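Subject: Structure handover

Hi,

Here is the structure I promised to pass on. Please have a look at it first, and then read my notes underneath.

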Protein chains: 2
Amino acid sequence: MKMKINCCLIGKGNVGSCLLELIEEKKEALKHYYDLEIGLIAIFEFDGALINQEGLDLSEIRKLGKDFRESQYWKSDITAIDYIPKLNLDICIETTPTNPKTGEPALSHIIKAIEHNIDVIASNKGPFYLKYKEIHKLANKNHCIVKYEATVASCVPTLSMKQNLLANEIISIRAILNGTSNYILSRMSSEGVDFSLALKEAQELGYAEADPTLDIEGYDAAGKIVILANEILHWDLTIDDVKINGISKITPQAIDLAKSDGFVIKHLAIAENNRLIVEPRIIEKDSPLNISGTLNVIEFQTKRAGPIVIMGRGAGGYEAASAILNDLVSIKLSRQKT
Amino acid sequence: MKMKINCCLIGKGNVGSCLLELIEEKKEALKHYYDLEIGLIAIFEFDGALINQEGLDLSEIRKLGKDFRESQYWKSDITAIDYIPKLNLDICIETTPTNPKTGEPALSHIIKAIEHNIDVIASNKGPFYLKYKEIHKLANKNHCIVKYEATVASCVPTLSMKQNLLANEIISIRAILNGTSNYILSRMSSEGVDFSLALKEAQELGYAEADPTLDIEGYDAAGKIVILANEILHWDLTIDDVKINGISKITPQAIDLAKSDGFVIKHLAIAENNRLIVEPRIIEKDSPLNISGTLNVIEFQTKRAGPIVIMGRGAGGYEAASAILNDLVSIKLSRQKT
């Protein structure tokens with residue numbers, strides 16, 4: 001693969017904007033270590049796109065901030081779906097907000113890119129917990145690389161752990177993949193407050209959405225454990241296969257009872273014995289899964305080498321953008337060998 | 001690279017024996033997932049070798065146990081150094097006990113293999129904390145792949161984390177890389193016993209050697225942090241550059257004092273601000289580095305995505321053998337692309 005990689009970014013929200021900043025910040029390092037120059041030739045929004053086949057000037061766009069539509073390169077009323085085939089793209093980076101039931105519009109963008117032999121990096125999980133198999137089948141047929149590390153635990157390596165554990169037999173996975181519900185349970189445990197108060201606090205701090213259903217009822221974590229199990233355990237499931245229970249009925253009394261015996265209640269996402277489960281579970285206080293706050297943690301139970309546990313920040317703009325950039329370098333390294 | 005990889009194993013101790021078992025156990029999986037068949041054509045010991053150019057029958061050798069010298073394939077008084085060039089080898093796997101001051105005999109084995117364009121996997125750290133640069137220079141010249149994941153934290157991915165964090169700027173590393181000293185400090189903290197009693201207990205349980213100097217005085221962890229920093233932070237240091245302090249002077253009083261303020265004393269290996277340090281440090285009780293027992297933990301502090309922490313078992317035969325096998329598959333995958 002040539003040194004300069006032509007990319008488009010779909011979605012200029014928080015993650016997309018952080019990515020622009022990181023691409024600029026790491027420009028010299030990427031050239032030095034990986035002989036990689038990222039040419040961003042299009043940034044799509046819902047109502048148009050910034051397009052320059054020679055490569056957009058990122059510092060100029062960043063200076064414009066929310067006024068990016070004033071750039072000379074802004075074109076109104078064009079869509080990613082129409083333009084993906086027309087641009088000379090190597091990689092399509094998808095970061096739009098996704099409808100959790102349909103995976104759209106990300107799903108259509110991903111499919112369109114693959115159909116035109118363009119590699120894909122995606123940060124939203126909808127398409128993958130709904131159509132994992134279909135996306136991979138199409139990608140294999142068209143010899144495309146599809147990467148989506150950010151979908152599971154943001155910057156915490158989970159899907160890419162496959163390459164670190166190539167010969168390990170992984171028996172099961174237990175994880176905390178939703179920072180919002182973990183924050184709420186942590187506060188209920190440390191402060192003795194009830195669920196609704198902890199939720200309100202989380203909302204005030206920006207850790208929980210106005211409608212927190214997807215997080216506290218386990219749907220968010222369920223989507224993530226589907227992707228993780230499919231990728232690492234070679235399963236072939238969708239979110240409909242997950243048994244899901246939320247945390248809204250957990251009482252301070254239940255937490256106290258667990259605590260008095262040296263346990264804590266955590267909202268675990270579990271892949272074991274061919275089953276996917278998201279539900280509150282009692283774990284030992286000393287368990288490596290007992291993390292507090294908004295962190296994510298993933299335990300890979302191996303047959304011959306015990307548990308291997310990785311943790312870090314599971315959300316945030318720079319965090320997700322870091323995961324995307326790691327995927328991008330990884331694609332570049334794979335391509336230069338072929 | 002062809003499907004069948006010819007390997008030799010140097011050292012049939014605990015790690016080597018576990019590796020033989022894993023190679024047999026995973027035979028079908030390696031073929032299925034990676035199109036990989038491992039042909040082990042020689043197993044070297046200090047006084048001779050088992051050799052069969054067609055591939056040794058591992059189940060037969062394992063049945064012989066310690067009587068492997070009775071095999072028809074045993075040849076006395078031949079050495080790895082002499083025979084490495086004569087065999088048709090793709091990969092040389094080095095697992096001999098290493099002199100910590102010279103890195104021998106592993107260092108000579110590794111160099112001999114590279115000189116004959118044979119890829120190398122090693123499980124002992126001596127050669128790498130002493131001659132990191134020299135080994136890599138020679139390997140680059142001869143287009144050899146040299147892997148040594150097991151040298152730092154056994155089966156816990158540390159060196160290979162480089163490929164998960166390709167675009168992350170890693171600012172510093174803090175780690176617990178010696179299970180013996182961590183076990184001793186954990187017991188002193190939980191039981192209030194003094195250093196010598198905790199050491200005696202660790203020795204009785206087989207966690208500490210009869211001469212525990214390398215572990216408790218920090219030399220073992222120092223070697224590991226050298227390798228980790230050179231690999232992940234692109235440094236170029238040797239063990240002589242590490243400031244090393246052991247744990248033998250830590251008193252139960254010091255531990256109690258820390259505890260009363262919500263802290264614990266841990267024997268940390270640190271790479272930050274261009275300096276390598278192994279010494280007892282006070283960390284917060286809630287720190288992810290506060291692991292107990294013989295586990296290892298590594299915290300990669302990234303510039304843009306916070307800390308990423310990985311933990312697991314840092315020692316053991318199957319654990320090290322798992323790391324070796326992961327390295328082996330990784331070499332196979334790299335080679336088939338070239």
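Below are some notes on how the chains meet, and then on one sheet and one loop.

First, the conventions: this is a predicted model, in which local features need pLDDT of at least 70 and side-chain atom pairs count only at pLDDT 80 or more, while totals for chains, interfaces and linings use all residues. Residues are numbered from 1 along each chain as its sequence is written, and chains are lettered from A and ligands numbered from 1 in the order in which they are written.

Let me begin with the symmetry. A turn of 180 degrees, with a shift of 0.0 Å along the axis, lays chain A on chain B with an RMSD of 0.0 Å (a least-squares superposition on the C-alpha atoms of residues with pLDDT of at least 70 in both copies). That is the relation of a two-fold axis. Within chain A, I310(A) has the C-alpha nearest the axis, 2.1 Å from it.

Now the interface. Chain A has 35 residues in contact with 35 residues of chain B, where contact means that the C-beta atoms, placed from the backbone, lie within 7 Å. On the chain A side, β13 (307-313) and α13 (317-337) each supply at least two residues, and α13(A) gives the largest share, eight residues. Helices (H or I, at least four residues) and strands (E, at least two) are DSSP runs, numbered from the N terminus. 100% of the interface residues of chain A are also interface residues in chain B, so the copies meet through the same surface.

The chains also pair by strands: β13(A) and β13 (residues 307-313) of chain B run antiparallel, joined by three bridges (pairing requires that DSSP finds at least two bridges between the strands). In this pair, V309(A) stands opposite M311(B).

Next, a sheet in chain A. Seven strands form an open sheet with mixed pairing, in the order β4-β3-β2-β1-β5-β6-β7. Its edge strands, β4 (74-76) and β7 (146-147), each pair on one side only. Further in, β2 (residues 37-45) and β3 (residues 48-51) are antiparallel and share four bridges, with F44(A) opposite A49(A).

Where is D47(A)? It lies in the loop between β2 and β3 of chain A. D47(A) is exposed, with 11 other C-beta atoms within 10 Å (12 or fewer counts as exposed, 20 or more as buried, and in between as partly exposed, with C-beta atoms placed from the backbone). Beyond its neighbours within four places in sequence, D47(A) is in contact with S76(A) and D77(A).

Best wishes

Methods: Contact = placed C-beta atoms within 7 Å.
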